[in-house]
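Colleague: Before I rely on the terms used for this model, I would like to hear how each of them is justified.

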Amino acid sequence: MKIISETNWKSFNRPDVRTISFDYFLPQPELLEPGANKEEALLIVQKALGVDIANPQIEIITPIGTVNIHNHYLPHIVEKRESARERFTNYILPALQSPFEIYNATYEDNKERLQYIGLFKGGTNMLVVVEVLLSHPFLFWNMMQTDMKRLNSHRRGELIWYKKNALPNE
């Protein structure tokens with residue numbers, strides 16, 4: 001799904017993430033072993049997040065409100081096996097709880113989704129996408145690991161929150 005929001009990090013005079021000192025990044029979480037198939041990958045994600053059929057939902061407090069992570073939506077994360085995204089599950093909670101920035105982006109389906117940008121030492125960074133719904137204030141939708149070179153392209157939409165004092169001269 002493509003973002004149609006025209007504003008981006010430059011619109012808000014934010015720095016290129018490639019110029020930010022690693023001193024301002026979060027510690028790198030442990031990388032998990034990949035699953036052999038979708039079913040195993042889903043179990044890895046569920047275990048790392050603490051959700052399953054018996055405990056289908058957790059609530060994560062973020063700087064702008066509570067995000068619900070629901071077991072029902074987790075299979076979406078492990079669909080594309082070539083990227084083995086389950087390996088990066090330990091990045092999700094820190095990215096939600098201590099993001100560098102949060103953007104409210106409009107997608108081509110006209111739905112608004114929040115883009116939580118997590119910066120981590122070690123070269124892997126995290127984009128956590130949270131859908132804004134009427135039935136749930138915020139619902140974890142997707143996650144994607146990305147390198148520094150591609151991260152700026154995900155910093156789109158309306159900047160609604162950024163970590164204060166996370167950069168020199170702030």
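Colleague: Where does N125 sit in this predicted model, and why is N125 called buried?

Modeller: N125 belongs to strand β5, which covers residues 125-131. The relative accessible area of N125 is 0%, and since the term buried applies under 20%, N125 is therefore called buried.

Colleague: What makes the pair formed by the side chain of N125 and the backbone nitrogen of F120 a polar contact?

Modeller: A polar atom of the N125 side chain lies 2.9 Å from the backbone nitrogen of F120, which falls within the 3.5 Å set for a polar contact.

Colleague: Which residues is N125 in contact with, once its neighbours within four places in sequence are left aside?

Modeller: With heavy atoms within 4.5 Å as the criterion, N125 is in contact with F25, G118, L119, F120, M144, Q145, T146, D147, M148 and L151.

Colleague: How many helices and strands does the protein have, and in what pattern do they follow along the sequence?

Modeller: The protein has three helices and seven strands, and read along the sequence they give α-β-β-α-β-β-β-β-α-β.

Colleague: Why is the protein called as compact as a globular protein of that length?

Modeller: Its radius of gyration is 16 Å, and the globule rule gives 15 Å for 170 residues; the two values are close, so the protein is as compact as a globular protein of that length. Of the 170 residues, 45% count as buried.

How values were computed: Residues are numbered from 1 along each chain as its sequence is written. This is a predicted model: local features need pLDDT of at least 70, side-chain atom pairs count only at pLDDT 80 or more; totals for chains, interfaces and linings use all residues. Side-chain values use heavy atoms; hydrogens and water are left out. Helices (H or I, at least four residues) and strands (E, at least two) are DSSP runs, numbered from the N terminus. Buried means under 20% relative accessible area, exposed over 50%, partly exposed in between (1.4 Å probe, protein chains only). A polar contact is a pair of N or O atoms within 3.5 Å; within protein, one must be able to donate a hydrogen and the other to accept it, and residues adjacent in sequence count only if both atoms are side-chain atoms. The radius of gyration is taken over C-alpha atoms; the globule rule is 2.2 Å times the number of residues to the power 0.38.
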